[in-house]
Structure formats: structure tokens, C-alpha cells
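I open these notes with one residue and its surroundings, and then work outwards to the helix pairs and the chain as a whole. The entries follow the order in which I looked things up.

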Amino acid sequence: MVVPVDPTLTDAELHRRLVYGDETALAEAYAAYGGLVRRVAVRVIRSPAGAEDVAQEVFAQLWSRPYAFDPRRGSLRTWLSMLAHRRAVDWVRSEARHRKDARADDSALHAIPDAGPGPDEMVVDRERSLLLHTALAELPQPQREVVHLAYFAGRTCRQAAVELGIPEGTAKTRLRSALRKLAESLADPPDPALERGA
């Protein structure tokens with residue numbers, strides 16, 4: 001609804017009606033000065049949407065605190081222009097802070113090390129796992145049983161010996177032999193170029 005602007009409207013009369021909570025007075029003030037407030041704001045903000053936000057804040061303040069304007073000290077036009085300029089500057093500062101905070105958040109996120117393995121590490125881990133399983137499969141059954149109990153089931157040598165029904169010394173010997181064979185199997189193969197003395 002377009003509110004016609006009364007050319008005889010005085011700031012003092014408009015102010016008096018705003019103080020008494022006359023909603024049509026707010027609509028008349030917006031119709032008379034809304035364009036001015038948006039123009040002042042857009043010159044500072046360079047954003048029509050931001051200027052509209054500022055205009056809403058300015059007229060919300062006029063409505064909620066009409067006593068802040070004193071018609072004896074100046075015109076409503078001048079007061080709304082100054083208020084629009086002040087609010088627009090605050091808006092620009094707030095946006096700059098938000099952008100700075102967002103950049104800081106992005107920087108902080110990039111600074112956090114990735115806890116998970118990268119693709120290269122995953123390939124290496126898979127290869128190691130495959131090599132380990134292959135090496136375990138090549139162990140004699142008695143040694144494989146002790147390794148499984150000690151390293152995959154979390155048993156001590158004594159517990160493994162009890163479960164297998166063998167002396168503890170035998171379990172330890174099998175485990176040492178198995179670990180030696182696994183170490184040999186999993187060792188990096190010698191580089192042929194180094195063996196030739198290249």
C-alpha cells in the first residue's frame with residue numbers, strides 16, 4: 001500500500017504522532033524519507049540489498065525510539081540521513097568483520113592436519129598388509145598359531161602356551177622363530193643396482 005506524502009506534514013507533528021504510537025505516522029515517514037535513507041546507505045554500502053537492511057533498521061529505530069529525534073534541533077530529513085549514514089558504516093564494518101572471521105576460520109581449518117591417511121599411505125598400508133598376510137601364511141602351522149595368539153588375540157606367551165597345551169619355553173621359541181622369518185620375508189629386497197656396485 002502506497003502512503004501519500006502530505007506536503008504540509010511538519011516534523012513536529014510527525015514526531016508527536018510517532019511518540020503516541022501512530023502507525024500511519026511511521027508509514028508517512030517511510031513514504032517521505034525511505035528513498036533518501038536508501039540512497040544514503042547505498043552510497044556507503046554499494047549494495048541495494050544491504051541498503052534495504054539499513055533502511056529497515058533506521059525506521060525501526062524511529063518507531064521504537066521516537067524520542068531520539070528532537071525536532072527543535074534539526075529536521076527529520078537530516079536526522080534520518082545521519083542515522084542512515086551511521087548505520088551503513090556499521091553495516092560495512094560488520095561485514096568486514098564477518099569476512100575476516102570467515103577467512104580466519106578457513107585458515108584454521110586448513111591448518112588442522114588431516115588425521116586420516118592420504119591415498120599414497122593407504123596404498124602402502126594395503127601392500128604391507130598383503131605382504132604380512134602372505135608371510136604369515138608361509139609360516140609353519142605351530143609358529144602361525146603362536147603369532148596369532150600373541151599378536152592378534154592379545155595373549156601373553158604363558159597364556160598362548162596354556163591354550164596350545166605346550167610348555168611356555170616352546171611357545172617362546174616358536175614365537176622368536178616366527179618373528180625372525182617374518183622379518184626376513186618383509187625386509188626390503190636388496191636393490192640389484194647396489195649389489196652390482198653401481
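**Entry 1: Ala 41 and its surroundings**

I began with Ala 41, which has 0% relative accessibility and therefore counts as buried, the cut-off for that class being under 20% relative accessible area. I note at once that the model is a predicted one. I placed Ala 41 in helix α2, and then asked which residues it touches once those up to four places away in sequence are set aside. I found Arg 46, Ala 51, Val 54 and Ala 88. I also looked up the spacing of Ala 41 and Ala 84, whose C-alpha atoms lie 5.8 Å apart in space although the two residues are 43 apart in sequence.

**Entry 2: Arg 46**

From the contacts of Ala 41 I followed Arg 46, which I located in the loop between α2 and α3. Is Arg 46 buried or exposed? I recorded a relative accessible area of 67% for Arg 46, so I list this residue as exposed, the cut-off for that class being over 50%. For its backbone I noted a phi near 65°, a positive value in a residue that is not glycine. I add for context that most residues other than glycine have a negative phi.

**Entry 3: α2 against α3**

I then turned to the helices on either side of that loop, α2 with residues 23-45 and α3 with residues 48-64. Their axes come within 8 Å and cross at roughly 140°, which makes α2 oblique to α3; an angle would have to be over 145 degrees to count as roughly antiparallel. I noted the crossing of α2 past α3 as right-handed. On the α2 side of the contact I listed residues including Leu 26, Tyr 30, Tyr 33, Val 37, Ala 41 and Ile 45, and on the α3 side residues including Pro 48, Ala 51, Val 54, Val 58, Phe 59 and Trp 63. Sorted by class, this contact of α2 with α3 has 16 nonpolar, two polar and three charged residues.

**Entry 4: α6, α7 and α8**

Further along I looked at α6 (residues 141-152) and α7 (residues 157-164), whose axes come within 9 Å and cross at roughly 130°. These two helices are therefore oblique to each other, and α6 passes α7 in a right-handed crossing. Glu 145, Val 146 and Leu 149 of α6 make the contact with Ala 160, Glu 163 and Leu 164 of α7. I counted four nonpolar, no polar and two charged residues in the contact of α6 with α7.

How do α7 and α8 pack, and at what angle? I found an angle of about 110° between α7 and α8 (residues 168-186), with their axes 8 Å apart, so I describe α7 and α8 as roughly perpendicular to each other. Here Cys 157, Arg 158 and Ala 161 of α7 meet Glu 168, Ala 171, Lys 172 and Leu 175 of α8. The residues of this contact divide into four nonpolar, no polar and three charged.

**Entry 5: The chain as a whole**

Last, I took stock of the protein chain, which has nine helices and zero strands. Of its 198 residues, 25% count as buried. I recorded an accessible surface of about 13,800 Å², with 56% of it belonging to carbon and sulfur atoms. Among contacts between residues at least 6 apart in sequence, 60% join residues at least 24 apart.

Definitions and conventions. Residues are numbered from 1 along each chain as its sequence is written. This is a predicted model: local features need pLDDT of at least 70, side-chain atom pairs count only at pLDDT 80 or more; totals for chains, interfaces and linings use all residues. Side-chain values use heavy atoms; hydrogens and water are left out. Axes are lines fitted to C-alpha atoms, for helices over the stretch in contact, and angles run from 0 to 180 degrees between N-to-C directions. Helices (H or I, at least four residues) and strands (E, at least two) are DSSP runs, numbered from the N terminus. Angles under 35 degrees count as roughly parallel, over 145 as roughly antiparallel, 65 to 115 as roughly perpendicular and the rest as oblique. A crossing is left-handed if the near helix is turned anticlockwise from the far one by less than a right angle, and right-handed if clockwise. Contact means heavy atoms within 4.5 Å. Ala, Val, Leu, Ile, Met, Phe, Trp, Tyr, Cys and Pro count as nonpolar, Asp, Glu, Lys and Arg as charged, and the others, Gly among them, as polar. Buried means under 20% relative accessible area, exposed over 50%, partly exposed in between (1.4 Å probe, protein chains only). Accessible areas come from the Shrake-Rupley method with a 1.4 Å probe; for residues, only the protein chains shown count as cover.
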